[in-house]
Amino acid sequence: SSRVSDLACRSLAGVQIGLVLAIAASAFQRLRLYHVSYGLTESRFYAMAFLIWIAVMLLWLGATVLRGRRDSFAFGALIAGLSAVVLLFVVNPDAIVARANVVRMSSADASVRFDVAYATSLSADAVPVLIDALPSLPRDVQCPLAQHMLRRWPPGGELSIRNWNWSAARASDAIREHEAELQSLVGPEEECAPPATD
């Protein structure tokens with residue numbers, strides 16, 4: 001009878017895991033739709049990553065605890081958590097966000113606009129992506145983007161030891177390498193025309 005009870009508990013736990021996975025899948029789909037409709041943001045990116053991690057943990061729970069391998073769960077969960085942190089560091093989230101929004105802008109219809117204010121709020125990791133994407137963006141987007149990058153990471157500016165980091169150094173190098181191109185987009189007056197309104 002205890003064996004039957006244990007089997008029933010495991011079956012019920014398996015059903016609960018399946019239901020939570022369904023909820024996580026629904027939430028992920030909603031975030032994906034937000035991305036398609038309004039663009040990708042850091043919060044949406046991290047929320048998607050967190051949902052994927054939850055799904056992995058639930059599947060690992062089913063593969064270990066529900067099969068009587070409780071001792072394996074904690075170690076696997078620790079490895080999965082550390083791997084997620086390292087992976088997020090390696091994939092460069094701000095660059096992914098910038099690239100995704102550029103691709104969305106180029107593949108969508110004319111009613112979709114590039115969010116300059118949000119793009120310029122991203123960290124230095126997004127700078128190389130934004131510089132490479134400038135030629136494919138509308139003129140009223142190119143100028144404010146170029147202006148912001150020149151002001152935030154001036155080509156002649158030097159990073160202090162206290163403020164130095166790899167991302168900021170790469171951003172400064174990219175600005176210095178494309179200074180002439182960026183200056184030509186801003187123009188001698190260094191004033192951008194207001195965005196066109198529909």
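A cavity is a set of points, on a 1 Å grid over the protein atoms alone, where a 1.4 Å probe fits but cannot get out, whereas a pocket is an open set with protein on both sides within 12 Å along at least five of seven lines. Lining residues have an atom within 4 Å of a point. Grid points are joined across faces, edges and corners, and a volume is the space filled by probe spheres set on the points. The model is predicted, with local features requiring pLDDT of at least 70 and side-chain atom pairs counted only at pLDDT 80 or more, while totals for chains, interfaces and linings use all residues. Residues are numbered from 1 along each chain as its sequence is written, and side-chain values use heavy atoms, with hydrogens and water left out.

A search of the whole structure yields 2 cavities of 30 Å³ or more. The largest cavity holds about 40 Å³ of space. Its lining consists of Ala98, Asn101, Phe114, Asp115, Tyr118, Ala119, Leu122 and Leu130. At least two of the lining residues come from each of helix 4 (93-107) and helix 5 (116-119); helices are DSSP runs (H or I, at least four residues) numbered from the N terminus. By class, the lining comprises 6 nonpolar, 1 polar and 1 charged residues, where Ala, Val, Leu, Ile, Met, Phe, Trp, Tyr, Cys and Pro count as nonpolar, Asp, Glu, Lys and Arg as charged, and the others, Gly among them, as polar.

The second largest cavity has a volume of about 40 Å³. Among the residues that line this cavity are Ala119, Leu122 and Leu130, each of which also lines the largest cavity. Two or more lining residues of the second largest cavity are given by helix 6 (127-133) and by helix 7 (139-152), and helix 7 contributes the largest share, 3 residues.

Turning to the pockets, the largest has a volume of about 330 Å³. It is lined by 14 residues, of which Ala49, Ile52, Ala84, Leu87 and Leu88 are the closest to its centre. Helix 2 (42-64) and helix 3 (70-91) each supply at least two lining residues, and the largest share, 8 residues, belongs to helix 2. The lining of the largest pocket contains 14 nonpolar residues, with no polar and no charged ones.

The second largest pocket encloses about 190 Å³. Leu88 recurs in this lining, which also includes Tyr46, Trp166 and Arg170. Helix 3 and helix 8 (166-177) each provide at least two of the lining residues. The lining of the second largest pocket divides into 6 nonpolar, 2 polar and 2 charged residues.
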